[in-house]
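Work through the exercises below with the sequence and the model open. Each task is followed by a solution in steps.

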Amino acid sequence: MMKKLTAYQYLLKDKLSGDKNRELIALLKDIKLAARLVSKELRNAGLNKILGEYKKLTNIHGEKVTKLDIVANNLFINSLENGGNCAGVVSEELEKIVIFNNEVSKNSKYLVLMDPLDGSSNIDVNVPVGTIFSIFKKSSIKKSTNIKDFIQKGNRQVAAGYIMYGSSTIYVLTVGKGVDAFTLDPVVQEFYLSHKNIKIPKSGRSYSVNQGNFYEFPIALQEYIRWCEQEDAKSGRPYSLRYVGSMVADIHRSILKGGLFIYSKSKRAASGKLRLMYECNPMAFIVEQAGGLAIDGDKRILDIAPKSIHQKSPIFIGSSEMVKLISKFIKSKQFD
Ligand code: AHM
């Protein structure tokens, strides 16, 4: 029987060999540790009575905060601070950046931007949720960390990943050399390599969008959706509509099976809902590394010059041919 490789062994041997990568490997280990703890909390949430909203609190985006949002945020921040392999963090749950000032962390060259628990409105109904993260290098480690260090284009990411807490817990990672996935063995609590060098199919037969917003969408998107619904034997239409409402789950399916995930601008939300720095950028990096594409309707997500850490962006992401086609719809029709 072939020996199973842990995420750590695989990275050390294959994707991140050599001494210069030790700090990044250690940082990824800190993230993995927190992911394991979050996975455990989620499995026991119903029993430990930590489901539901947290003191009627809303985050800076005006969204309800659940108790598990807070638990996941704290577990990640603690693990990153204790690990000493990153200098600071941006979290969806915190308005301001967190800077670690202990002797080890402050000399680190890495920064983490994360959504500790994405899709959290799905937790109470036992639907998959996830963690999304993005890792950048500071431009200079000599200076103390400040907010400008985080404001970098997505094309400067050194690593990005997501952890999907579904029927199994899967950790999908890119360090800019393709995409791999590791599945948590719940008995030994270790992540093992389960999907090597994942490639997203060039096209698929499903699209993923909150179709309840149809009449709020720009005309170009309405027409694309109508096109997906039409019968056409050659292209395999009508396509299937698949929408979990957890970005991690919807994109994970599109990566493995082929498909297109859409979170558009609309009449009510001029920039959509999803956050550029810790939702769109990391997902775009992963999907591009798997051979897919990600645009905001006009340009490549990874080329957007960010202005603030919590800004939003529309996103069209997935199989390359599907992204190219929706881009044609957008260019030829009204997209306001
Ligand atoms: P959250 O950060 O509050 O969890 O919201 C993000 C989630 C994404 O996972 C998902 O794609 C989207 O919100 C769904 O939004 P909607 O309910 O508007 O379709």
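**Ligand site and sheets**

Domain 1 (7–195) and domain 2 (206–332) each contribute residues to the shell around the ligand, so the ligand lies between them; the domain bounds come from an automatic or database domain assignment. The model is predicted: local features need pLDDT of at least 70, side-chain atom pairs count only at pLDDT 80 or more, and totals for chains, interfaces and linings use all residues. Residues are numbered from 1 along each chain as its sequence is written, and side-chain values use heavy atoms, with hydrogens and water left out.

**Exercise 1.** Describe the shell around the ligand.

Step 1. A residue is near the ligand if one of its heavy atoms lies within 4 Å of it. There are 17 residues around the ligand, and Asp 118, Gly 119, Tyr 243, Met 247 and Tyr 263 come nearest.

Step 2. Sort the shell by residue class: five are nonpolar, five polar and seven charged. Here Ala, Val, Leu, Ile, Met, Phe, Trp, Tyr, Cys and Pro count as nonpolar, Asp, Glu, Lys and Arg as charged, and the others, Gly among them, as polar.

Step 3. Assign elements. At least two shell residues come from each of strand S5 (110–118) and strand S13 (260–263); strands are DSSP runs (E, at least two residues) and helices likewise (H or I, at least four), numbered from the N terminus.

**Exercise 2.** List polar contacts of the ligand (pairs of N or O atoms within 3.5 Å) and give its burial.

Step 1. The side chain of Asp 118 has an N or O atom 2.6 Å from a ligand oxygen.

Step 2. For Asn 210, the distance from a side-chain N or O atom to a ligand oxygen is 2.8 Å. A polar side-chain atom of Lys 273 also lies 2.8 Å from an oxygen atom of the ligand.

Step 3. The ligand taken alone exposes 470 Å², and the protein buries 84% of that (Shrake-Rupley method, 1.4 Å probe).

**Exercise 3.** Which strands stand at the edges of the five-strand sheet?

Step 1. Write the order: S12-S11-S13-S15-S14, an open sheet with mixed pairing. Two strands pair if DSSP finds at least two bridges between them.

Step 2. Strand S12 (240–241) and strand S14 (293–295) are the edges; each has a single partner strand, so one side of each is left without a neighbour in the sheet.

Step 3. Check one pair: two bridges join S11 (residues 206–208) to S12, and the two run parallel. Tyr 207 has Leu 241 in S12 as its bridge partner.

Note on methods:
Polar contact = N/O pair within 3.5 Å; in protein donor to acceptor, adjacent residues only side chain to side chain.
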